[in-house]
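Me: Hi! Could you walk me through the structure below with a few questions and answers?

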Amino acid sequence: MTGSEEVRLSLDPDLARRGAVDGAWWPAGYDAGAELPALIAAIDQRLERRVLRVGLHVDTWHNIPHRIAAPGRQVRVGWFRTIDPHLINLIIPGIEHINLLVIPPDTTPAAAEKALDLATRCRGRTRSGDLLTAADHDGPADTAAEEEQRLAGWDNEGGRTRQPAREDPTP
(Lines give C-alpha, C1' and ligand atoms only; values in the text may rest on other atoms or scores of the structure.)
Protein backbone atom coordinates (compact mmCIF):
# COMPACT_ATOMS: atom_id res chain seq x y z
CA MET A 1 0.00 0.00 0.00
CA THR A 2 1.37 3.37 -0.84
CA GLY A 3 1.18 6.34 1.48
CA SER A 4 -1.33 8.07 -0.79
CA GLU A 5 -3.98 5.34 -0.44
CA GLU A 6 -6.53 5.56 2.32
CA VAL A 7 -6.73 2.62 4.72
CA ARG A 8 -9.91 0.70 3.95
CA LEU A 9 -11.16 0.11 7.47
CA SER A 10 -14.45 -0.04 9.35
CA LEU A 11 -14.87 -0.22 13.13
CA ASP A 12 -17.92 -1.04 15.21
CA PRO A 13 -18.68 2.04 17.33
CA ASP A 14 -19.27 -0.24 20.37
CA LEU A 15 -15.85 -1.77 20.95
CA ALA A 16 -16.60 -2.57 24.61
CA ARG A 17 -18.37 -5.81 23.69
CA ARG A 18 -16.65 -9.10 23.06
CA GLY A 19 -17.68 -10.18 19.61
CA ALA A 20 -16.37 -12.34 16.83
CA VAL A 21 -15.38 -9.24 14.85
CA ASP A 22 -15.12 -5.58 15.74
CA GLY A 23 -14.78 -4.28 12.22
CA ALA A 24 -13.07 -5.07 8.95
CA TRP A 25 -9.95 -4.18 7.02
CA TRP A 26 -9.39 -4.53 3.27
CA PRO A 27 -5.62 -4.55 2.70
CA ALA A 28 -4.12 -4.13 -0.76
CA GLY A 29 -2.10 -7.34 -0.34
CA TYR A 30 -0.87 -9.94 2.15
CA ASP A 31 2.58 -8.40 2.70
CA ALA A 32 2.42 -7.76 6.45
CA GLY A 33 5.53 -5.55 6.46
CA ALA A 34 3.95 -3.26 3.85
CA GLU A 35 0.32 -3.30 5.09
CA LEU A 36 0.54 -3.20 8.89
CA PRO A 37 2.12 0.26 9.37
CA ALA A 38 -0.83 2.02 7.72
CA LEU A 39 -3.36 -0.09 9.64
CA ILE A 40 -1.63 0.63 12.96
CA ALA A 41 -1.53 4.37 12.20
CA ALA A 42 -5.22 4.39 11.22
CA ILE A 43 -6.28 2.54 14.39
CA ASP A 44 -4.11 4.82 16.55
CA GLN A 45 -5.74 7.88 14.99
CA ARG A 46 -9.35 6.67 15.01
CA LEU A 47 -9.31 5.35 18.56
CA GLU A 48 -6.86 7.90 19.94
CA ARG A 49 -5.03 4.97 21.56
CA ARG A 50 -1.88 3.12 20.67
CA VAL A 51 -1.80 -0.37 19.22
CA LEU A 52 0.66 -2.43 21.28
CA ARG A 53 0.57 -5.82 19.54
CA VAL A 54 -0.74 -7.41 16.40
CA GLY A 55 -1.60 -11.08 15.94
CA LEU A 56 -2.18 -12.71 12.57
CA HIS A 57 -2.31 -16.13 10.90
CA VAL A 58 1.13 -17.20 9.73
CA ASP A 59 -0.07 -19.01 6.60
CA THR A 60 -2.20 -16.10 5.36
CA TRP A 61 0.51 -13.42 5.44
CA HIS A 62 4.04 -13.18 4.08
CA ASN A 63 6.93 -10.86 4.99
CA ILE A 64 5.86 -10.85 8.64
CA PRO A 65 8.20 -8.70 10.75
CA HIS A 66 8.73 -9.25 14.48
CA ARG A 67 8.07 -5.55 15.10
CA ILE A 68 6.58 -2.58 13.26
CA ALA A 69 7.90 0.91 13.90
CA ALA A 70 5.18 3.30 15.08
CA PRO A 71 5.49 6.82 16.55
CA GLY A 72 7.27 6.50 19.91
CA ARG A 73 7.23 2.70 20.03
CA GLN A 74 7.73 -0.64 18.36
CA VAL A 75 4.55 -2.69 17.86
CA ARG A 76 5.13 -6.39 18.37
CA VAL A 77 3.79 -8.73 15.71
CA GLY A 78 2.92 -12.33 16.54
CA TRP A 79 1.95 -14.99 14.07
CA PHE A 80 -0.06 -18.06 14.90
CA ARG A 81 -1.71 -21.06 13.29
CA THR A 82 -4.52 -21.04 15.86
CA ILE A 83 -5.96 -17.63 14.94
CA ASP A 84 -8.71 -17.51 12.32
CA PRO A 85 -7.00 -16.93 8.93
CA HIS A 86 -9.62 -14.26 8.13
CA LEU A 87 -8.87 -12.22 11.28
CA ILE A 88 -6.20 -9.90 12.57
CA ASN A 89 -6.06 -9.24 16.32
CA LEU A 90 -4.93 -5.90 17.77
CA ILE A 91 -4.07 -5.41 21.44
CA ILE A 92 -4.86 -1.86 22.58
CA PRO A 93 -4.77 -0.53 26.16
CA GLY A 94 -8.22 0.02 27.66
CA ILE A 95 -10.01 -2.00 24.98
CA GLU A 96 -8.61 -5.50 25.64
CA HIS A 97 -8.39 -6.45 21.97
CA ILE A 98 -9.95 -5.83 18.58
CA ASN A 99 -10.60 -8.53 16.00
CA LEU A 100 -10.78 -7.25 12.45
CA LEU A 101 -12.13 -9.25 9.56
CA VAL A 102 -9.45 -9.30 6.85
CA ILE A 103 -11.16 -8.94 3.50
CA PRO A 104 -9.06 -10.71 0.85
CA PRO A 105 -7.23 -8.18 -1.33
CA ASP A 106 -8.70 -9.63 -4.55
CA THR A 107 -12.30 -9.15 -3.37
CA THR A 108 -14.46 -7.13 -5.73
CA PRO A 109 -15.06 -3.55 -4.57
CA ALA A 110 -18.81 -4.15 -4.16
CA ALA A 111 -18.32 -7.26 -2.00
CA ALA A 112 -15.55 -5.57 0.01
CA GLU A 113 -17.74 -2.53 0.73
CA LYS A 114 -20.54 -4.85 1.84
CA ALA A 115 -18.15 -6.78 4.12
CA LEU A 116 -16.81 -3.52 5.62
CA ASP A 117 -20.40 -2.56 6.43
CA LEU A 118 -21.55 -5.99 7.68
CA ALA A 119 -18.59 -6.29 10.05
CA THR A 120 -19.80 -3.23 11.96
CA ARG A 121 -23.39 -4.48 12.19
CA CYS A 122 -23.07 -8.15 13.11
CA ARG A 123 -22.79 -7.43 16.84
CA GLY A 124 -20.39 -10.30 17.34
CA ARG A 125 -22.87 -13.00 16.35
CA THR A 126 -21.31 -14.01 13.07
CA ARG A 127 -18.04 -15.73 12.22
CA SER A 128 -15.56 -14.16 9.83
CA GLY A 129 -16.01 -16.71 7.04
CA ASP A 130 -19.78 -16.26 7.21
CA LEU A 131 -19.40 -12.49 6.83
CA LEU A 132 -17.25 -12.95 3.74
CA THR A 133 -19.79 -15.38 2.28
CA ALA A 134 -22.67 -13.01 3.00
CA ALA A 135 -20.77 -10.09 1.49
CA ASP A 136 -20.13 -12.06 -1.68
CA HIS A 137 -23.87 -12.77 -2.03
CA ASP A 138 -24.74 -11.83 -5.60
CA GLY A 139 -28.46 -11.37 -5.10
CA PRO A 140 -30.28 -8.06 -4.89
CA ALA A 141 -29.15 -5.74 -2.12
CA ASP A 142 -30.79 -6.66 1.16
CA THR A 143 -32.10 -4.12 3.59
CA ALA A 144 -30.08 -3.88 6.80
CA ALA A 145 -32.80 -5.77 8.72
CA GLU A 146 -32.96 -8.56 6.11
CA GLU A 147 -29.19 -8.92 6.08
CA GLU A 148 -28.95 -9.05 9.88
CA GLN A 149 -31.72 -11.67 10.01
CA ARG A 150 -29.96 -13.71 7.34
CA LEU A 151 -26.64 -13.50 9.21
CA ALA A 152 -28.29 -14.41 12.52
CA GLY A 153 -29.69 -17.55 10.89
CA TRP A 154 -26.43 -18.67 9.27
CA ASP A 155 -25.74 -22.33 9.97
CA ASN A 156 -22.03 -22.41 10.82
CA GLU A 157 -21.91 -26.18 10.82
CA GLY A 158 -23.64 -26.85 7.52
CA GLY A 159 -22.85 -23.66 5.63
CA ARG A 160 -26.38 -22.75 4.70
CA THR A 161 -28.95 -20.36 6.02
CA ARG A 162 -31.78 -21.66 8.14
CA GLN A 163 -35.17 -21.16 6.64
CA PRO A 164 -37.55 -19.12 8.79
CA ALA A 165 -40.22 -21.21 10.45
CA ARG A 166 -43.47 -21.22 8.51
CA GLU A 167 -46.45 -19.86 10.27
CA ASP A 168 -49.13 -22.50 10.47
CA PRO A 169 -52.48 -20.92 9.60
CA THR A 170 -54.37 -23.60 11.57
CA PRO A 171 -54.50 -23.28 15.38
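Me: Which residues of α1 are buried?
Reply: Happy to start there. This is a predicted model, where local features need pLDDT of at least 70, side-chain atom pairs count only at pLDDT 80 or more, and totals for chains, interfaces and linings use all residues. Residues are numbered from 1 along each chain as its sequence is written, and side-chain values use heavy atoms, with hydrogens and water left out. Taking buried as under 20% relative accessible area, exposed as over 50% and partly exposed as in between (1.4 Å probe, protein chains only), the buried residues of α1 are A32, E35, L36, L39, I40, A42, I43, D44 and L47.

Me: How far apart are the end C-alpha atoms of α1?
Reply: Helices (H or I, at least four residues) and strands (E, at least two) are DSSP runs, numbered from the N terminus. The expected span of a helix is 1.5 Å times one less than its number of residues. The 16 residues of α1 should therefore span 22 Å, and the distance between its end C-alpha atoms agrees, at 21 Å.

Me: Which element gives the largest share of the largest nonpolar core?
Reply: A nonpolar core is a set of buried Ala, Val, Leu, Ile, Met, Phe, Trp, Tyr and Cys residues joined through side-chain atoms within 4.5 Å. The largest one here has 28 residues, and W25, L36, I43 and L100 have the most contacts inside it. Elements giving two or more residues to this core include β1 (9-11), β3 (53-57) and β5 (73-80). The largest share, seven residues, comes from α1.

Me: What are the edge strands of the sheet?
Reply: Two strands pair if DSSP finds at least two bridges between them. The open sheet has seven strands with mixed pairing, in the order β1-β2-β7-β6-β3-β5-β4. Pairing on one side only marks the edge strands, β1 and β4.

Me: Is H62 buried, partly exposed or exposed?
Reply: H62 sits in the loop between β3 and β4. Leaving aside neighbours within four places in sequence, H62 is in contact (heavy atoms within 4.5 Å) with Y30, D31 and A32. Because its relative accessibility is 46%, H62 counts as partly exposed.

Me: And what is the separation of the C-alpha atoms of H62 and A32?
Reply: Along the chain, H62 and A32 are 30 residues apart. Their C-alpha atoms are separated by 6.1 Å.
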